[in-house]
Amino acid sequence: MEEILRVEDVSHTYQAENGEVNAFEHISFTVRRGEFLSIVGPSGCGKSTLLSVIAGLIPPSGGRVLVDGAVITGVSPHIGYMLQRDNLLEWRTILNNVLFGLEIRRAKTPQNIERAERLLKTYGLYDFRNKYPRQLSGGMRQRAALIRTLATGPDLLLLDEAFSALDYQTRLTVTDDVYRILKRERVTTLMVTHDIPESISMGDRVLILSARPARVRELLSLDFGPGRAPLACRTHPRFGAYFDHIWKELSTDETS
Amino acid sequence: MRHPEPAAWPAVSRQRALYLRRRRRRACLIHTCQIGFLVLFFAQWELSARLGWIDSFILSQPSRILATLRNLSQNHLLTHVGVTLYETLTGFVLGVLLGAGIAVVLWWSSFVSRVAEPYLVVLNSLPKIALGPVIILLVGAGAKAIIFMALAISLIVTVLEMLAGFRATDPESIRMARTFGATKRQIFLKIVLPANINTLFNSLKINIGLSLVGVIAGEFLVSKAGLGYLIVYGGQVFQLDLVMTSVLILSVMAALMYESVAVLQKLVSRRFGG
Ligand SMILES: Nc1ncnc2c1ncn2[C@@H]1O[C@H](COP(=O)(O)OP(=O)(O)OP(=O)(O)O)[C@@H](O)[C@H]1O
Ligand SMILES: [Mg+2]
């Protein structure tokens with residue numbers, strides 16, 4: 001499969017009045033088209049910063065990021081970035097919220113609007129299109145936020161703990177839903193998570209980062225065979241072994 | 001923009017009917033008390049004056065105020081009301097437009113806002129009436145000076161109020177817009193402004209009151225026309241009925257202007273689904 005994302009020796013240091021914070025250094029990896037990459041690492045190791053760099057929101061202090069062979073210099077229309085909170089705008093209806101990204105990119109064409117409406121239909125929100133965000137449940141809001149990002153038709157999707165605001169039960173079903181949506185829309189995804197089982201159940205590979213300043217500790221390939229689904233993975237015989245491995249990798253870091 | 005509920009309203013449960021009835025009764029009681037106090041106040045005033053408990057020469061009395069109102073043409077009351085209204089509204093509109101404009105600039109450029117900070121702080125705590133004589137010297141003793149006065153009093157407060165609202169906009173919403181590559185202009189128009197509709201209207205409400213304060217203070221100083229002038233004049237020639245009538249008209253004016261802003265706020269926030 002062809003490569004869609006290449007992260008080349010990227011480092012980032014925050015400058016502030018009271019000193020500098022070295023978030024991560026010399027990070028390199030590549031992602032193939034259609035792949036799902038989970039990213040785990042100790043708290044505060046720079047995972048969000050890494051996603052912001054890839055999204056083009058923060059210029060890195062070293063190295064470069066290439067998407068489809070082009071160096072990222074700013075926010076790219078090929079990338080969708082979904083934050084932890086859904087950030088639906090309370091004064092817009094669900095449909096208008098979903099069209100927000102297209103509006104910002106001045107791409108509210110009839111085809112794109114139709115596409116957004118199709119996404120709403122497919123993922124069970126069409127009947128709620130004229131409701132306001134506060135009238136939706138947490139899981140529905142999260143799905144609406146995902147559709148807002150997908151409506152712009154990104155080739156590469158970045159998820160920053162996008163489901164951690166949900167309760168456990170909802171989270172399991174939403175991640176299963178989202179996984180299906182992403183695979184069906186053939187979107188390459190990078191997902192940061194604190195939840196090791198989640199990283200295993202969704203990822204084709206798991207990128208394990210060390211404590212700050214983060215480096216790549218390991219890039220673990222997972223093999224659950226074809227036709228995997230996040231919920232079913234959790235009962236797969238190899239699941240426990242992967243869990244122990246990642247757990248160990250993360251905890252050696254915290255004691256050292 | 002809000003669409004009507006598709007389904008017909010379901011039958012109201014007994015509990016809900018009871019709740020609604022209680023609420024209505026409470027609202028009714030509140031209104032009755034509010035109006036009752038007003039009527040009682042004026043009745044007491046009139047009675048005290050007639051029975052000679054208070055000096056109606058100084059404190060006037062409702063019947064005399066009514067008489068003054070009836071002789072509108074005699075003391076050009078309507079003209080004076082018109083002058084004050086015109087000055088207040090002009091000061092208000094200018095204050096809101098200028099204030100909003102300055103607040104937007106200060107939000108836009110953190111550099112400019114840092115430079116302006118100490119000036120804003122000093123201007124905010126300065127009693128603006130102290131500038132009265134300077135303003136009159138600069139623009140002449142007329143309606144212009146009075147409008148300036150209103151502006152001086154309301155502008156800084158408007159700027160600070162709006163700026164505080166803009167700055168308190170949820171930074172996560174702004175980040176979300178930035179993930180789509182929003183420009184600063186888009187962030188302002190699509191996130192900051194709609195998120196601050198209520199702040200804007202609250203500062204309008206404050207502004208209308210302050211403009212009135214500025215106009216009356218200005219009319220005291222300039223002393224040519226308007227309700228402020230009438231109050232000063234009435235005091236000087238011991239026509240205290242005139243003073244009281246003017247004060248009463250002022251309160252009604254203030255209430256009406258505040259209410260119109262409140263109604264506008266309701267209309268606009270409904271438009272924004274708030
Ligand atoms: N704007 C900033 N200025 C200065 N330092 C920052 C800034 N943002 C983050 N940092 C610091 O950079 C480091 C990495 O932050 P980041 O949010 O990327 O970590 P994270 O891995 O996403 O953390 P978490 O697991 O808590 O989400 C932290 O130590 C944080 O204090
Ligand atoms: Mg983070």
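**Note on the predicted two-sheet and helical model**

1. A:Q15 stands opposite A:E20 in β2(A), and this pair belongs to a model that is predicted. The strands concerned, β1(A) and β2(A), pair in the antiparallel sense over 10 bridges, and the hairpin that joins β1(A) to β2(A) passes through 2 residues.

2. That hairpin belongs to a wider arrangement, an open sheet of 4 strands in chain A with the order β2-β1-β4-β5 and antiparallel pairing. At its edges stand β2 (19-32) and β5 (70-71) of chain A, each of which has a single partner strand, so one side of each is left without a neighbour in the sheet. The link between β4 (residues 62-67) of chain A and β5(A) consists of 2 bridges, with the two strands running antiparallel, and the bridge partner that A:L66 finds in β5(A) is A:V71. Helix α1(A) packs on this sheet, where it touches β1 (3-16), β2 and β4 of chain A, and its direction makes about 65° with that of β2(A).

3. Two residues of helix α1 deserve a separate look. A:T49 lies in helix α1 (residues 47-55) of chain A, and with a relative accessible area of 8% A:T49 is buried, because the limit for that class is under 20%. Beyond residues up to four places away in sequence, A:T49 touches A:H12, A:Y14, A:A23, A:F24 and A:I58.

4. The second of these residues, A:S52, is also found in helix α1 of chain A, and A:S52 is buried at a relative accessible area of 5%. When neighbours within four places in sequence are left aside, the contacts of A:S52 are A:L57, A:I58, A:Y81 and, from chain B, B:R175.

5. Chain A holds another open sheet, in which 6 strands follow the order β6-β7-β8-β3-β9-β10 with mixed pairing. Here the edge positions are taken by β6 (79-82) and β10 (216-221) of chain A, and as each has a single partner strand, one side of each is left without a neighbour in the sheet. From one strand to the next, the twist averages 15°.

6. Within this sheet, β6(A) and β7(A) pair in the parallel sense over 4 bridges, and the bridge partner of A:I79 in β7(A) is A:L156. The residues of β6(A) alternate in direction, with A:I79 and A:Y81 pointing one way and A:G80 and A:M82 the other way, and all are buried. Helix α5 (residues 138-150) of chain A lies across β6 and β7 (156-160) of chain A, and runs at about 160° to β6(A). Elsewhere in the sheet, strand β3 (residues 36-40) of chain A runs parallel to strand β9 (residues 205-209) of chain A, the two being joined by 4 bridges, and A:L37 has A:R205 as its bridge partner in β9(A).

7. Which residues have the most contacts inside the largest nonpolar core? They are A:L5, A:F29, A:I54, A:L156, A:L158 and A:L190, in a core of 57 residues. Helix α7 (residues 143-167) of chain B gives the most to this core, with 6 residues. A:L190, with neighbours within four places in sequence left aside, is in contact with residues including A:L5, A:F29, A:V31, A:L37, A:I54, A:L156 and A:L158. A second, separate core has 34 residues, among them A:L136, A:I147, A:A151 and A:V178.

8. In chain B, the axes of helix α4 (residues 77-108) and helix α11 (residues 227-236) come within 7 Å and cross at roughly 130°, which makes α4(B) oblique to α11(B). On the side of α4(B) the contact is made by B:L77, B:H80, B:V81 and B:T84, and on the side of α11(B) by B:L227, B:G228, B:Y229 and B:L230. Sorted by class, this contact has 5 nonpolar, 3 polar and no charged residues.

9. What do the buried residues of α9(B) pack against? Their partners are α3 (100-104) of chain A together with α4, α7, α8 (171-179) and α10 (197-222) of chain B. The buried residues of this helix, α9 (residues 184-195) of chain B, are B:Q186, B:I187, B:F188, B:I191, B:V192 and B:P194.

Key:
Residues are numbered from 1 along each chain as its sequence is written. Chains are lettered from A and ligands numbered from 1 in the order in which they are written. This is a predicted model: local features need pLDDT of at least 70, side-chain atom pairs count only at pLDDT 80 or more; totals for chains, interfaces and linings use all residues. Side-chain values use heavy atoms; hydrogens and water are left out. A nonpolar core is a set of buried Ala, Val, Leu, Ile, Met, Phe, Trp, Tyr and Cys residues joined through side-chain atoms within 4.5 Å. Buried means under 20% relative accessible area, exposed over 50%, partly exposed in between (1.4 Å probe, protein chains only). Contact means heavy atoms within 4.5 Å. Two strands pair if DSSP finds at least two bridges between them. Axes are lines fitted to C-alpha atoms, for helices over the stretch in contact, and angles run from 0 to 180 degrees between N-to-C directions. Angles under 35 degrees count as roughly parallel, over 145 as roughly antiparallel, 65 to 115 as roughly perpendicular and the rest as oblique. Ala, Val, Leu, Ile, Met, Phe, Trp, Tyr, Cys and Pro count as nonpolar, Asp, Glu, Lys and Arg as charged, and the others, Gly among them, as polar.
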